[in-house]
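Student: Got a minute to go through this one with me? I'd like to start with the cysteines.
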Amino acid sequence: MNAGEGAPPEKLISVSGLSKQFKLNAGVFGEAKKVVNAVNNLDFFINKGETFGLVGESGCGKSTTGRLLIRLIDPTAGEIIYKGRNIADFKGRQLHELRKEMQIIFQDPYSSLHPRMSCQGIIGEPLGIHTKLSRRERKEKVLELLDQVGLPKEYATRYPHEFSGGQRQRIGIARALAVNPDFVVCDEPVSALDVSVQSQVLNLLKALQRDMKLTYLFIAHGLNVVKYISDRIGVMYLGQIVELAEADEIYQRPLHPYTSALISAIPDTNVDRKKERIILEGDVPNPASLPGGCLFHTRCGHCMERCKTEKPEMKEAAPGRYVACHLH
């Protein structure tokens, strides 16, 4: 992957000042329109061949970030540099060509598959859009993809309702990989699956990444799942990344109080070991009316006076470790 031994990793995608705002409709009594800051001034990069994990509570902007990176939605501001090109302003033909290189695996394997299309039709659809393969060649490619994701070839003629949740997600994975993309957004791909099936799908994703030289953005709620598959992790809160580091560093020595709270919520299999659970007080602030200063200060047990008025900048606390917190 690298040009030589010890060479720095190659960046596949990097974002600078990436923001996304959604405007709420005015009320029936003529109230002023409000703006929801779903993603707020993000700066990070993803190296070629790595898995970058993005973790946080529901509504923090994780999925919106993933959709921005592959241009399923348009950014309000900022740059998205992919292979040296700013794709933030791509439209029409440029965007169509980009689809072959960037794909997504959706969270819900039930609603993301067309109920009236066969497995062969679902997986073969992107091949018909983005390739010039003949019908016979597309059929052969579908059978090959089914084998890659661990499904029997005879399943090609079946429909989504005939599969279990784990099997449906494998079909979704095969569809995403049909056009041989370089970058794949995995948007909580195991959260809707039984625990016994989650590890199978995670191991499949890791094997496919190795064999196909893929780069992942892996989105999830829990740090335990993200840690298992990710090389580096970004912790997200209210549209901003508050901590970023290698997976082991995040797990073993969290710096941001929010990261510490997420880690404390991970179940411990050792029943004899006492584990202190950090309970966050209060609710997540309304993204249409964000608090001043540090966005986390309304729920933080380490809140100082400056936290209420002064926004912390993302700083490098150690080599490769970044945190936005006045404690550091």
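Tutor: Sure. Keep in mind that this is a predicted model. Cys300 is a good place to begin: its relative accessible area is 18%, and since the cut-off for buried is under 20%, Cys300 counts as buried.

Student: And Cys303, is that buried or exposed?
Tutor: In between: Cys303 has 28% relative accessibility, so it counts as partly exposed.

Student: How many disulfides does the structure hold?
Tutor: Zero. Cys300 is in no disulfide, and the nearest cysteine sulfur, that of Cys303, is 6.3 Å away.

Student: What about Cys303, which cysteine sulfur is closest to that one?
Tutor: The sulfur of Cys307, at 4.8 Å, which is too far for a bond. The cut-off for a disulfide is within 2.5 Å.

Student: OK, switching to holes. How many cavities of 30 Å³ or more are there?
Tutor: The count comes to one, and the space in the largest cavity is about 100 Å³.

Student: Which residues lie nearest its centre?
Tutor: Some of the cysteines again: Cys294, Cys300, Cys307 and Cys325, along with His326. The lining has 15 residues in total.

Student: What's the lining like by class?
Tutor: Eleven nonpolar, four polar and no charged residues.

Student: Now the helices. Why do you call H1 largely enclosed?
Tutor: Because six of the eight residues in H1, which covers residues 62-69, are buried. Those are Lys62, Thr64, Thr65, Gly66, Leu68 and Leu69.

Student: What comes after H1?
Tutor: Arg71 follows H1, and its phi is positive, near 60°.

Student: And H3, which of its residues are buried?
Tutor: H3 spans residues 119-130, and the buried ones are Cys119, Ile122, Ile123, Gly124, Pro126, Leu127 and His130.

Student: What do they pack against?
Tutor: Three helices: H2 (92-98), H4 (135-148) and H5 (165-177).

Student: Last topic, the nonpolar core. Which residues touch the most other members?
Tutor: In the largest core, which has 55 residues, those are Ile173 and Phe218. Leaving aside neighbours within four places in sequence, Phe218 is in contact with Thr51, Phe52, Gly53 and Leu54, then Cys186, Pro189, Leu202 and Leu205, and also Val225, Val226 and Ile229.

Student: And what's in the second core?
Tutor: That separate core has 30 residues, including Ile46, Ile70, Ala88 and Leu217.

Note on methods:
Residues numbered from 1 in each chain as written. Predicted model: local features only at pLDDT ≥ 70, side-chain atom pairs only at ≥ 80, totals over all residues. Heavy atoms only, no water. 1 Å grid on protein atoms, 1.4 Å probe; cavity = no way out; pocket = protein on both sides within 12 Å on 5 of 7 lines; lining within 4 Å. Points joined across faces, edges and corners; volume = space filled by probe spheres on them. Nonpolar A, V, L, I, M, F, W, Y, C, P; charged D, E, K, R; others polar. Buried < 20%, exposed > 50% of the residue type's maximum accessible area, 1.4 Å probe, protein only. Helix = DSSP H or I, 4+ residues; strand = E, 2+ residues; numbered from the N terminus. Contact = heavy atoms within 4.5 Å. Core = buried A, V, L, I, M, F, W, Y, C linked by side-chain atoms within 4.5 Å.
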